[in-house]
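Biologist: I should be grateful for a close look at one part of this model, set in the context of the whole chain.

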Amino acid sequence: MKEQKIKVLALLPMELPKEIELDNTLEAMQKFVGGLIECIALSDTGSEVTLVCNDEGKLLGLPLNRPLWDDVLAGPGFLAGCDNEGNLTSLPQSTMDFYKEKFRAFIIEI
């Protein structure tokens with residue numbers, strides 16, 4: 001059963017990552033990222049994690065968020081969990097803590 005609200009790690013331009021609750025609807029996600037969403041699977045922790053960001057990123061001239069491996073994340077985005085059917089879920093607390101520190105380090109370097 002799909003969660004009505006999910007706990008995610010918000011990645012906002014020039015801010016430290018923070019835990020928030022977000023409605024688990026396409027409309028709420030699009031509003032948060034400021035346009036159509038792109039979901040990118042991450043596998044750093046061995047768990048199912050999805051980065052949700054604006055699908056046009058730098059093309060829209062969004063403000064720089066933070067470096068993301070070989071690219072940059074432009075504009076707001078968030079990390080969520082993912083179930084075995086591909087639905088977004090709350091991010092487990094241990095994974096939330098791991099990425100909070102990882103993205104915190106990126107923002108401090110900027």
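About how many Å² does the protein chain expose, and what percentage of that do carbon and sulfur atoms supply? Thereafter, please turn to helix 1: which of its residues are buried, and what covers them?

Modeller: The protein chain exposes about 6200 Å², of which carbon and sulfur atoms supply 53%; these accessible areas come from the Shrake-Rupley method with a 1.4 Å probe, and for residues only the protein chains shown count as cover. This is a predicted model, in which local features need pLDDT of at least 70 and side-chain atom pairs count only at pLDDT 80 or more, whereas totals for chains, interfaces and linings use all residues. Residues are numbered from 1 along each chain as its sequence is written, and side-chain values use heavy atoms, with hydrogens and water left out.

The mean pLDDT (the predictor's confidence in each residue, from 0 to 100) is 80 for the protein chain, and 73% of the residues score at least 70. Confidence is highest in strand 2 (residues 18-23), at a mean of 96, and lowest in strand 5 (residues 64-68), at 55. Where pLDDT is low, the predicted coordinates should not be read in detail.

The protein chain holds two helices and eight strands, in the order β-β-α-β-β-β-β-β-β-α along the sequence. These elements are DSSP runs numbered from the N terminus, helices being H or I of at least four residues and strands E of at least two.

Helix 1 spans residues 26-33, and its buried residues are Ala-28, Met-29, Phe-32 and Val-33. Seen down the helix axis, these fall within an arc of 120°, so they line one face of helix 1; the arc is that of the directions from the axis to the C-beta atoms. Buried means under 20% relative accessible area, exposed over 50%, and partly exposed in between, with a 1.4 Å probe and protein chains only. An α-helix has 3.6 residues a turn, so residues three or four places apart point the same way. The face turned away from the buried side of helix 1 carries the exposed residues Glu-27 and Lys-31.

The cover over the buried residues of helix 1 includes strand 1 (5-11), strand 2, strand 3 (37-42), strand 4 (49-54), strand 7 (77-82) and strand 8 (88-89), a contact being heavy atoms within 4.5 Å. Gly-34 follows helix 1 and has a positive phi, near 80°.

For the chain as a whole, 39% of the 110 residues count as buried.
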